[in-house]
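Biologist: I am new to this structure and would like a close look at one part of it, the aromatic side chains and what surrounds them. Please take your time, and explain each term when you first use it.

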Amino acid sequence: VMYFTSADDQVLAVNATTGDALWHFTPYNRAAFKNFGIVANLGVAVCDGKVFELTLDMTIVALDQKTGDQVARVPISNAVPGAQASYGYSETSAPICANHELFVGAAGSEYGVRGFIMAYRTSDLSPAWPMPFWTIPPANTQWRSAARVVGGCTVWTPPTVDLRSGTLYFGTAAASPAYYPSLR
């Protein structure tokens, strides 16, 4: 089975040998995604009998791997304070699974949001960590004292896990504002 996504967060499962469609999931709010500017989705994670997708509106969706039925839908802001589309965050990348945990970051560096990475349990999408790992300091502290929109360094591409050492590796986007380096 091959799983793929559309730019507006639809997920499709197809038979990888024949190309026959097995199921098709469409988020209930996909019409709103046309207003997000960058409309993209770079894939899903498949593990523990589920297909996990991150939607543009900062939500984790868990689908039954065999049927495509939605089994859970959790706003990322429940565990990551302020990580909402209304603050400039979005999800365009794929999460990853390792050891029954789902790892997610977010896009939005160009809007000065605060970068993070967070882990969730694949069983019920509850937080696996007590707090997110922030890639930059809070607003109005250290080098972010110049303005609220000074930030960035989001983890918008999938991280990776070395299962032997238990190490999580990830890259970050650029700091912002991009065109005023003296502020960052």
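Modeller: What follows starts with the aromatic rings and then moves to other contacts, a cavity and some single residues.

This is a predicted model, in which local features need pLDDT of at least 70 and side-chain atom pairs count only at pLDDT 80 or more, while totals for chains, interfaces and linings use all residues. Residues are numbered from 1 along each chain as its sequence is written, and side-chain values use heavy atoms, with hydrogens and water left out.

The structure contains five aromatic pairs, a pair being two rings of Phe, Tyr or Trp (for Trp, its six-membered ring) whose centres lie within 6.5 Å, called stacked if the planes are under 30 degrees apart, edge-to-face if over 60, and tilted otherwise. One of these pairs joins Phe116 and Trp134, which meet edge-to-face with 5.9 Å from centre to centre and 65° between the planes. Because Phe116 belongs to strand E10 (residues 116-121) and Trp134 to strand E11 (residues 133-134), this pair ties together parts that are 18 residues apart in sequence; strands here are DSSP runs of at least two residues, numbered from the N terminus. Phe116 is buried, having a relative accessible area of 1%, whereas Trp134, with 21% relative accessibility, is partly exposed; buried stands for under 20% relative accessible area, exposed for over 50%, and partly exposed for what lies in between, using a 1.4 Å probe and protein chains only.

A further edge-to-face pair is made by Phe133 and Phe170, again with 5.9 Å between the centres and 65° between the planes. Since Phe133 lies in strand E11 and Phe170 in the loop between strand E14 (167-169) and strand E15 (175-176), that pair ties together parts that are 37 residues apart in sequence. Phe133 is partly exposed at 45% relative accessibility, and Phe170 is partly exposed too, at 31%.

Trp134 takes part in other contacts as well. Together with Tyr89 and Phe116, Trp134 forms one aromatic cluster, and over the ring of Trp134 sits the charged end of Arg114, 4.1 Å from the ring centre. For such a contact, NZ of Lys or CZ of Arg has to be within 6 Å of the ring centre and within 35 degrees of the ring normal. As for how Phe116 relates to a residue elsewhere in the chain, Phe116 and Val46 are 70 residues apart in sequence, with 22 Å between their C-alpha atoms.

Charge appears in another contact. The model has one salt bridge, meaning a side-chain nitrogen of Lys or Arg within 4 Å of a carboxyl oxygen of Asp or Glu. In this salt bridge Arg73 pairs with Asp57, and the closest N and O atoms are 3.4 Å apart. Distant parts of the chain are linked by this pair, as Arg73 is in strand E7 (residues 70-75) and Asp57 in the loop between strand E5 (50-55) and strand E6 (59-64), 16 residues apart. Arg73 itself is partly exposed, with a relative accessible area of 23%. The loop between E5 and E6 also holds Met58, which is buried at a relative accessible area of 2% and has a positive phi of about 65° although it is not a glycine. Asp48, in the loop between E4 and E5, likewise has a positive phi, near 55°, but Asp48 is partly exposed, at 39%.

There is also one cavity of 30 Å³ or more, a cavity being a set of points, on a 1 Å grid over the protein atoms alone, where a 1.4 Å probe fits but cannot get out. The largest cavity holds about 40 Å³ of space, the volume being that filled by probe spheres set on grid points joined across faces, edges and corners. Leu54, Glu91, Phe103 and Trp156 are among the residues that line it, where lining means having an atom within 4 Å of a point. Leu54 is 10 residues from Val44 in sequence and 7.5 Å from it in space, C-alpha to C-alpha; Val44 lies in the loop between strand E3 (21-25) and strand E4 (45-47) and is buried, with a relative accessible area of 19%.

Lastly, Gly108, in the loop between strand E9 (101-104) and E10, is buried at 3% relative accessibility, and its C-alpha atom is separated by 6.9 Å from that of Gly152, 44 residues away along the chain.

Note on methods
Helix = DSSP H or I, 4+ residues; strand = E, 2+ residues; numbered from the N terminus. 1 Å grid on protein atoms, 1.4 Å probe; cavity = no way out; pocket = protein on both sides within 12 Å on 5 of 7 lines; lining within 4 Å.
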